[in-house]
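Thanks for coming. I will take a few minutes to go through one structure, and it helps to have it open while I talk.

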Amino acid sequence: MLLGIILIWALTAMGLVIVSWVVPGIHARTNGDLLLAALILGIVNAFIRPILWILTWPLTVLSFGIFALLINALMIQLTAELVPGFTVRDFASALLGAVIMMLLAIAGFILVEWLLFDGVFWLHMGAGRFIFHI
């Protein structure tokens with residue numbers, strides 16, 4: 001379990017590094033600030049984000065999940081408020097960072113599936129037949 005937590009923390013840190021390179025409004029002074037931001041973002045996502053998701057689930061359903069990106073952007077902004085060396089200029093930067101983090105997570109999921117299970121099965125039919133297979 002500890003290895004899994006460390007792996008998720010490292011992947012979040014790598015995601016924040018990529019986001020800080022790509023998004024002009026997100027910066028970290030040092031690599032230590034990025035590691036601390038990844039740790040704080042993980043804690044915020046573990047404790048605060050689920051509460052917000054429960055409170056806003058009707059909006060998330062009505063927006064077909066788009067509102068979840070707004071919550072993720074808020075979590076990035078909250079992390080910037082808690083980590084002095086990690087800054088987010090405005091909500092648009094946080095939203096773009098949340099989109100990039102989401103795309104990185106999807107790419108990571110697909111990569112892990114391909115490496116470990118020899119394929120990604122997106123849609124299943126009964127009796128072991130697959131409609132779509134990559």
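I start with helix 1, where the buried residues are Thr12, Ala13, Gly15, Leu16, Val19 and Ser20. Around the axis they cover an arc of only 165°, which means that they sit on the same side of helix 1. The general background is short: an α-helix has 3.6 residues a turn, so residues three or four places apart point the same way. On the other side of helix 1, the exposed residues are Leu3, Leu7, Trp21 and Val22.

As for length, helix 1 has 21 residues and reaches 30 Å from its first C-alpha to its last. That is close to the 30 Å expected at 1.5 Å a residue.

I should say that this is a predicted model. The mean pLDDT of the chain is 87, and 87% of its residues reach 70 or more. Among the elements, strand 2, residues 86–88, has the highest mean pLDDT, at 97. Strand 4, residues 130–133, has the lowest, at 49. Where pLDDT is low, the predicted coordinates should not be read in detail.

Next, the surface. A nonpolar patch there is formed by Met1, Leu2, Ile5, Ile6, Trp9, Leu35, Leu36, Leu39, Ile43, Phe47 and Ile48, with about 1100 Å² of accessible area together. Which elements give two or more residues to the nonpolar patch? They are helix 1, residues 2–22, and helix 2, residues 31–47. Helix 2 gives the most, with five residues.

One residue of the patch to look at is Leu2, which lies in helix 1. Leu2 has a relative accessible area of 59%, so it counts as exposed.

Definitions and conventions:
Residues numbered from 1 in each chain as written. Predicted model: local features only at pLDDT ≥ 70, side-chain atom pairs only at ≥ 80, totals over all residues. Heavy atoms only, no water. Patch = residues over 30% accessible without salt bridge, like charges linked within 9 Å, V, L, I, M, F, W, Y side chains within 5 Å. Areas by Shrake-Rupley, 256 points an atom, 1.4 Å probe, with all protein chains shown as cover. Salt bridge = Lys/Arg side-chain N within 4 Å of Asp/Glu carboxyl O. Helix = DSSP H or I, 4+ residues; strand = E, 2+ residues; numbered from the N terminus. Buried < 20%, exposed > 50% of the residue type's maximum accessible area, 1.4 Å probe, protein only. pLDDT = per-residue confidence, 0-100. Expected span 1.5 Å × (residues − 1). Arc of directions from axis to C-beta.
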